[in-house]
Amino acid sequence: MRVAILTFDGFNELDSFVALALLNRVPGWRAEMCGPGETLTSMNGVRVDVQQPLEFAGEADIVLVGSGVRTLDMAADEALMARIALDPRRQIIGAQCSGALILAKLGLIGDLPACTDVTSKPWVIAAGVRVIDAPFVAHGSVATAGGCMAAQYLSAWAIARGVGMACGGEAAARAVIDYVAPVGEKAETVARVMGVVAPYLEPVALPA
């Protein structure tokens, strides 16, 4: 399974790195940082090499869009946005915080309710999206999450959907969350995360 962690300059490390680490724990999966240039600099000055070009997002099986302090500028860049081609009919697509604005600009949310963070909320509403006060929501193969620590929900959902519910997807998601959960809090962490995403899981699988 090929996974693109769609990332831009000024990115929030928690969004991109947590999702990257969690999805790479699934056997046989390869999650990579995907961006518009050769390098990216985070909101706190962490510089990383881009592993895949922006266009890779159109080829990946799963695409998760992180947030950052420059998302508003990126969403207004028509040339940059034209390089992103996503298809919910064949891809699992998710966005965190201001990443919801990117999905909105790509026409992937419409009038469906979505989640985002407090700072990004006005931008997402201005894009015509109905924002709800929740950490996670999904509609078919498109999901949004709000808050930095909501990366665990978005990742668990993507793992379960990607593996496929009929192929042990929920168990795979539980195993990954259990591995990274704090010692002494594993059972309750897994229960909380899966409790949030379970209502949005369907018996759908993509090709490996």
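Reader: Is Glu32 buried or exposed, going by its relative accessibility?
Author: This is a predicted model, and the value is computed from it. Residues under 20% relative accessible area are classed as buried. Glu32 comes in at 11%, so the residue counts as buried.

Reader: Which residue forms a salt bridge with Glu32?
Author: The test is a Lys or Arg side-chain nitrogen within 4 Å of a carboxyl oxygen. For Glu32, the closest N and O atoms of the pair are 3.7 Å apart. The partner has a relative accessible area of 44% and is partly exposed. That partner is Arg30.

Reader: How far apart are the closest N and O atoms of Arg83 and Glu55?
Author: Arg83 and Glu55 form a salt bridge, with those atoms at 2.7 Å. Arg83 sits in the loop between α3 and β7, and Glu55 in the loop between β5 and β6, so the pair ties together parts that are 28 residues apart in sequence. Both are partly exposed: Arg83 has a relative accessible area of 30%, and Glu55 has 37%. The distance asked for is 2.7 Å.

Reader: Which residues are linked with Asp87 in a network of salt bridges?
Author: Start with one pair: Asp87 bridges to Arg89, the closest N and O atoms being 2.9 Å apart. Asp87 is buried at 17% relative accessibility, whereas Arg89 is exposed at 76%. The network also takes in another arginine. The residues linked with Asp87 are Arg89 and Arg90.

Reader: How many salt bridges does the count come to?
Author: The pairs include Arg30 with Glu32, Arg83 with Glu55 and Asp87 with Arg89. The count for the model comes to six.

Reader: Which strands stand at the edges of the sheet?
Author: The open sheet has seven strands with mixed pairing, ordered β5-β2-β1-β6-β7-β11-β10. Each edge strand has a single partner, so one side of it is left without a neighbour in the sheet. The edge strands are β5 (52-53) and β10 (136-139).

Reader: In β11, what is the bridge partner of Val137?
Author: β10 and β11 (residues 142-145) run antiparallel and are joined by four bridges. One of these pairings sets Phe136 against Ala145. For Val137, the partner in β11 is Thr144.

Reader: What angle does the direction of helix α1 make with that of β2?
Author: Helix α1 (residues 13-23) packs on the sheet. Its contacts there are with β1, β2, β6 and β7. Relative to β2, the direction of α1 makes an angle of about 155 degrees.

Reader: And what angle does the direction of helix α6 make with that of β7?
Author: Helix α6 (residues 151-163) also packs on the sheet. It touches β6, β7, β10 and β11. With β7, its direction makes an angle of about 180 degrees.

Reader: How many of the 13 residues of α6 are buried?
Author: The buried residues include Tyr153, Trp157 and Arg161. The helix is largely enclosed by the rest of the structure, because its buried residues number twelve.

Reader: How far apart are the end C-alpha atoms of α6?
Author: Take 1.5 Å a residue; the 13 residues should then span 18 Å. The model agrees with that expectation, its end C-alpha atoms being apart by 18 Å.

Reader: Which residue takes a positive phi in the hairpin of β10 and β11?
Author: The hairpin has two residues between its strands. One of them has phi near 65 degrees, and it is Gly140.

Reader: Which residue other than glycine has a positive phi, near 50 degrees?
Author: Look in the loop between β7 (92-96) and α4 (99-105). The residue there is buried, with a relative accessible area of 3%. It is Cys97.

Reader: What is the radius of gyration of the protein chain?
Author: The chain has eight helices and eleven strands. For 208 residues the globule rule gives 17 Å, and the computed value is close to that, so the chain is as compact as a globular protein of that length. Its C-alpha atoms fill a box of roughly 40 × 35 × 35 Å along the principal axes. The radius of gyration is 16 Å.

Reader: What share of the contacts with a separation of 6 or more comes from residues 24 or more positions apart?
Author: Burial first: 52% of the 208 residues count as buried. As for those contacts, residues 24 or more positions apart account for 64%.

How values were computed: Residues numbered from 1 in each chain as written. Predicted model: local features only at pLDDT ≥ 70, side-chain atom pairs only at ≥ 80, totals over all residues. Heavy atoms only, no water. Buried < 20%, exposed > 50% of the residue type's maximum accessible area, 1.4 Å probe, protein only. Pairing = 2+ DSSP bridges. Contact = heavy atoms within 4.5 Å. Axes fitted to C-alpha atoms, helices over the stretch in contact; angles between N-to-C directions. Expected span 1.5 Å × (residues − 1). Rg over C-alpha atoms; globule rule 2.2 N^0.38 Å.
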